[in-house]
Amino acid sequence: MLNNTRHVNTAILGAGIAGLGAALKARENGIRYEVFEAKSSAGGLLDNFSVEGFRFDNAVHLSFAHEDKVRSIFDKTSYITHPADSLNFEIDKWLKHPVQNNLYPLSATEKVLLIESLINRPENLTIDNYESWLIHQYGYEIANRYPIRYTRKYWQCNADELSTS
């Protein structure tokens, strides 16, 4: 996606929402740029794919943006508004998101274990990555059972490889 300039001095990697936002900002500031996208279509996590005629989203995409500029761009495209009711499946139960606030489907033993871990979470833990922040926030049991696993699945890396910034 070239913005019709001869000499490009800025490369933007990816045509997802962040890359397209960077391209818009570059255009507004008169910066010559080129967007490089590995796929044949733009959108990143906002894009979709088809299987046997059924269309699926690449990821859940909800916008909570209230900024006028962002809304003016997003609102040019038709969209469906619905309650942001996300559910997590664990073994044989559906747990409402965020899981740590919705433990009621679990057995009494599991709830006590998780709540005790939350109450006894380490207060003086050195927070030097996302994993240590999760443990500090939720205790070992909740952190290891839910957000640390989810982080691995979603980001394809371990929580201790991510910063808190």
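This tour goes from the whole chain to one helix, α5, and its surroundings.

The model is predicted, so local features are reported at pLDDT of at least 70 and side-chain atom pairs at pLDDT 80 or more, whereas totals for chains, interfaces and linings use all residues. Residues are numbered from 1 along each chain as its sequence is written, and side-chain values use heavy atoms, with hydrogens and water left out.

Begin with the whole chain in cartoon view and follow the elements from the N terminus, which run β-α-β-β-β-α-β-β-α-α-α; helices (H or I, at least four residues) and strands (E, at least two) are DSSP runs, numbered from the N terminus. The radius of gyration, taken over C-alpha atoms, is 21 Å, well over the 15 Å that the globule rule (2.2 Å times the number of residues to the power 0.38) gives for 165 residues, so the chain is more spread out than a compact globule. Along the principal axes, the C-alpha atoms fill a box of roughly 65 × 45 × 30 Å.

Next, select residues 147-155, helix α5, and show the side chains of P147, I148 and T151, which are buried (under 20% relative accessible area, with exposed over 50% and partly exposed in between; 1.4 Å probe, protein chains only). Seen down the axis of α5, these buried residues fall within an arc of 100°, so they line one face of the helix; the arc is that of the directions from the helix axis to the C-beta atoms.

Add α4 (130-145), against which the buried residues of α5 pack. Then turn to the face of α5 directed away from its buried side, where R149 and K153 are exposed.

Finish at Q156, which follows α5 and has a positive phi, near 60°.

How values were computed. Contact = heavy atoms within 4.5 Å.
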